Every structure is written in structure tokens, then in C-alpha cells.
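Q: I would like to learn how to read burial, cores and sheets from a model. Can we go through them one at a time?

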Amino acid sequence: MWVLLVISILLIGCSQEQEEIADFSGRVTGPPDKYDVLLVLKEDTLGGESVKNDVNRHLRSDYEANAYRVHLTPSTEISDADGSTMTAGEVEDLPYLFLSNRRVAIHTKEPWEEEWTELNRYLRYQPRFLPVYTADKIELSPYTLDDFITFNSPLNDSRLSIFTFYKNEEDLAFTSEANEELREHLGERERMTWESFYLHSGNPLEEELALDPVTHLVLSHEGKEIMSNDWREVADYLKHREDE
């Protein structure tokens with residue numbers, strides 16, 4: 001009898017463990033839309049297992065996505081990376097939780113089936129064709145600088161992207177002078193975009209970026225090229241690369 005009791009307890013424990021396993025995991029394209037729907041990418045034929053920012057809405061050929069629309073309800077449970085748990089109805093600012101390319105694990109109310117969908121445009125521009133599920137629970141993984149880099153690295157090998165992270169606008173006074181000098185060191189066919197990025201208090205990247213008073217991050221199609229607090233170091237890097 002004791003043996004049967006122990007087996008029953010073990011089976012109950014196993015059953016509870018199985019219930020906690022997420023149906024699938026992937027990366028969000030960004031915050032939920034006005035209908036409280038998230039786009040979650042598991043994998044596609046363009047960026048693999050990562051969402052990409054440098055993609056236009058032009059028609060694409062031979063593009064498929066293993067991606068899903070995930071509807072949030074007020075009772076959807078959200079488990080943050082710090083261990084805190086809340087419902088979607090209790091969250092005051094969802095965009096800060098669902099940063100682009102953040103990894104999430106999804107528990108769905110409906111039985112989930114893996115499905116690849118052929119799309120004529122990148123999934124962010126043609127989401128209505130993707131399968132829809134209702135989120136019972138969402139587990140958020142820690143958001144890191146690598147997630148940001150993978151999302152923002154240009155797809156084209158002739159492009160560079162510079163991000164300057166800041167907290168005070170007066171610290172951006174140098175940008176006009178720096179912009180002119182940096183562009184002098186681009187290759188003949190290279191193009192550069194430069195974007196200032198306000199690092200709000202509580203942003204997960206705050207711990208990884210030591211603003212002194214700003215941090216510059218240069219990205220190519222291969223990922224991070226250089227990260228520095230001094231734009232002149234960025235200029236020296238581009239100049240050295242130009243001479244190679």
C-alpha cells in the first residue's frame with residue numbers, strides 16, 4: 001500500500017511538472033499591438049531564431065516563418081526575469097517588458113501545434129496570416145545587450161549602424177561635429193545610420209552600459225564592431241579599418 005502511495009505522489013508530481021512546461025519559446029517582435037496581440041518568432045528563413053530590425057515591407061520570395069500571434073488577456077500571467085509574477089491586466093507599461101527580440105516562453109490555452117507559414121513580406125508587416133493562440137502564461141528571459149545587437153545589426157554588409165545611449169540630452173551636443181568626421185571614414189559604397197537611444201531608468205541594458213556620460217555602439221552585419229564612451233575612439237577605429 002505504501003508503495004502505491006509513493007507511486008501516486010510521484011505521478012502527481014510529474015504531472016504538475018509537465019503542466020509547467022511551456023508550449024513553445026521564441027522572441028517577440030516588440031510590444032503588443034492595440035489589440036493586445038504579441039508577435040512571437042520561433043524561427044524564420046531570414047534571421048533564423050532572431051527578430052531583425054533592418055527589414056523593409058517589400059515583397060519577399062521564398063520566405064517562411066515559424067511564428068505566432070499570441071493574444072494577451074487581463075488574466076494572462078507574466079513571469080518576469082527577476083522572479084516577479086503579475087497579470088497582464090496589472091502591468092502599467094507592457095512595452096518595457098516586451099522589448100524587441102526578447103526571448104519568451106509561451107503557455108497557451110489552446111493545444112499548440114508547430115506550423116511554418118509562407119509569407120510575402122517580413123512577418124512584422126504581414127502578421128494576419130500567422131496562427132493565433134491565447135496566452136495563459138508568459139515567461140520572460142533576461143533581456144541583454146546581445147539581444148539588442150542581434151536585433152539591430154544591419155542585414156546589408158555595406159551598412160553601419162551607430163547607437164548612442166544617453167540619459168541627458170545636453171550630453172549629445174557633440175553629435176554634429178562627430179557625425180561629419182565619422183562619415184569621412186566610410187567606404188565608397190558604405191552607408192551609416194546614427195540613432196540616439198534614451199536609456200530610461202529601469203531599462204535592462206542599464207547595467208551593461210556604463211554611461212560616461214554616453215556610450216557609442218557600432219554595429220555591422222557581423223554584429224558589434226566597437227563600443228566606447230568616446231566618439232573619437234570610434235573615429236579612430238573606422239579610420240584604422242579604412243587603412244587595412
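Q: Does Ser50 count as buried or exposed, and why?
A: The model is a predicted one. Burial is read from relative accessible area, with under 20% taken as buried. Ser50 has 14% relative accessibility, so this serine counts as buried.

Q: Where does Ser50 lie, and which residues does Ser50 touch?
A: Ser50 sits in the loop that runs between S2 and S3. Leaving aside residues up to four places away in sequence, Ser50 is in contact with Arg27, Leu41, Asn101, Tyr122 and Thr150.

Q: How many residues are in the largest nonpolar core, and which have the most contacts inside it?
A: A core is read as a set of buried nonpolar residues joined through side-chain atoms. The largest here has 21 residues, and Ile78, Phe98 and Ile138 have the most contacts inside it. At least two residues each come from S1, S2, S3, S6 and S8; the largest share, 4 residues, is that of S8. Another core, of 16 residues, lies apart from it and includes Leu160 and Val214.

Q: In what order do the strands of the open sheet run, and which are the edge strands?
A: An edge strand pairs on one side only. The order of the 4 strands is S10-S9-S11-S12, with mixed pairing; S10 (191–198) and S12 (223–228) are the edges. From one strand to the next, the twist averages 20°.

Q: In what sense do S9 and S10 pair?
A: S9 and S10 are parallel, over 8 bridges. Ile162 has Trp194 in S10 as its bridge partner. Helix H3 (residues 175–183) packs on the sheet, where H3 touches S9 and S10.

Technical notes. Residues numbered from 1 in each chain as written. Predicted model: local features only at pLDDT ≥ 70, side-chain atom pairs only at ≥ 80, totals over all residues. Heavy atoms only, no water. Core = buried A, V, L, I, M, F, W, Y, C linked by side-chain atoms within 4.5 Å. Buried < 20%, exposed > 50% of the residue type's maximum accessible area, 1.4 Å probe, protein only. Contact = heavy atoms within 4.5 Å. Pairing = 2+ DSSP bridges. Axes fitted to C-alpha atoms, helices over the stretch in contact; angles between N-to-C directions.
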